[in-house]
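Okay everyone, thanks for coming. Let me put the structure up, and then we'll walk through a few spots together.

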Amino acid sequence: MQRLLQKFETAKRIVPRPVKREAKEPTKYGAIYFGSTAPAMEEALEALEARGIHLDTLRIRAFPFHDDVFDFISNHERVFVVEQNRDGQLRSLLMLETGVPIEKLESVRYYGGFPLSAHHVISGVKAKIERAA
C-alpha cells in the first residue's frame, strides 16, 4: 500500500499542473472546472464579472491532483465545481482527495443531453450565491 501512495505522490509532481486565473477583483469565491467545460466557463466568467460576481478559477488538467488544487480550495471560502456529469464525479474526487467539508464545494453541474453552456454556469453560480446570502 505504501508503494502505491508513493506512486501517487510522485505522479502529482509529474502530471500537468492546473491552470489558475485570478479574478479582476479580490474574491472569496473560486471555481474549479476541466475539459470540455472550459469554453462555457470562459464565456460565463465575463458575464459574471459584468454582473459584479468575481471568481478565481482553476482548470484541472490531470489526476492525481497537484498540490495547487489543495491550496486553491483552502484559499477560498466557497468553491464552485463546474462539470457536465450527472453524478458530480469531479466534486466527489475533490472531497475524497482533499478531505474538505462537503459544504465548501458547491456543485454547478448540467447533464441535460446538450453541451454545457455559459447560461448553465451563470445561473448555477448566481443561484448558489443568492441562496447563501
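One term before we start: a residue counts as exposed when its relative accessible area is over 50%. And keep in mind that this is a predicted model.

So, is M1 buried or exposed? Its relative accessible area is 75%, so M1 is exposed. You'll find M1 in the segment before α1. Together with L4 and L5, M1 forms a nonpolar patch on the surface, and the three add up to about 350 Å² of accessible area.

Now over to the strands. Look at β3, residues 56-60: four of its five residues are buried, so the rest of the structure largely encloses it. Which strands pair with β3? Strand β1 does, in the antiparallel sense over three bridges, with R21 bridging to T57 in β3. Strand β2 pairs with β3 too, but in the parallel sense and over five bridges; there, Y33 has R59 as its bridge partner. Put β2, helix α2 and β3 together and you get a right-handed β-α-β unit.

Last stop, the aromatics. The model has three aromatic pairs. One of them is F8 with F63, edge-to-face, 6.1 Å centre to centre and 80 degrees between the planes. F8 sits in helix α1 and F63 in the loop between β3 and α3, so this pair ties together parts that are 55 residues apart in sequence. F63 also meets F65: centres 5.0 Å apart, planes at 90 degrees, so that pair is edge-to-face. F8, F63 and F65 make up one aromatic cluster. Within that cluster, F8 is partly exposed at 42%, F63 is partly exposed at 37%, and F65 is buried at 3%.

Definitions and conventions: Residues numbered from 1 in each chain as written. Predicted model: local features only at pLDDT ≥ 70, side-chain atom pairs only at ≥ 80, totals over all residues. Heavy atoms only, no water. Patch = residues over 30% accessible without salt bridge, like charges linked within 9 Å, V, L, I, M, F, W, Y side chains within 5 Å. Areas by Shrake-Rupley, 256 points an atom, 1.4 Å probe, with all protein chains shown as cover. Salt bridge = Lys/Arg side-chain N within 4 Å of Asp/Glu carboxyl O. Helix = DSSP H or I, 4+ residues; strand = E, 2+ residues; numbered from the N terminus. Buried < 20%, exposed > 50% of the residue type's maximum accessible area, 1.4 Å probe, protein only. Pairing = 2+ DSSP bridges. Right-handed = clockwise from strand over helix to strand, strands pointing away. Phe/Tyr/Trp six-rings, centres within 6.5 Å; stacked < 30°, edge-to-face > 60°.
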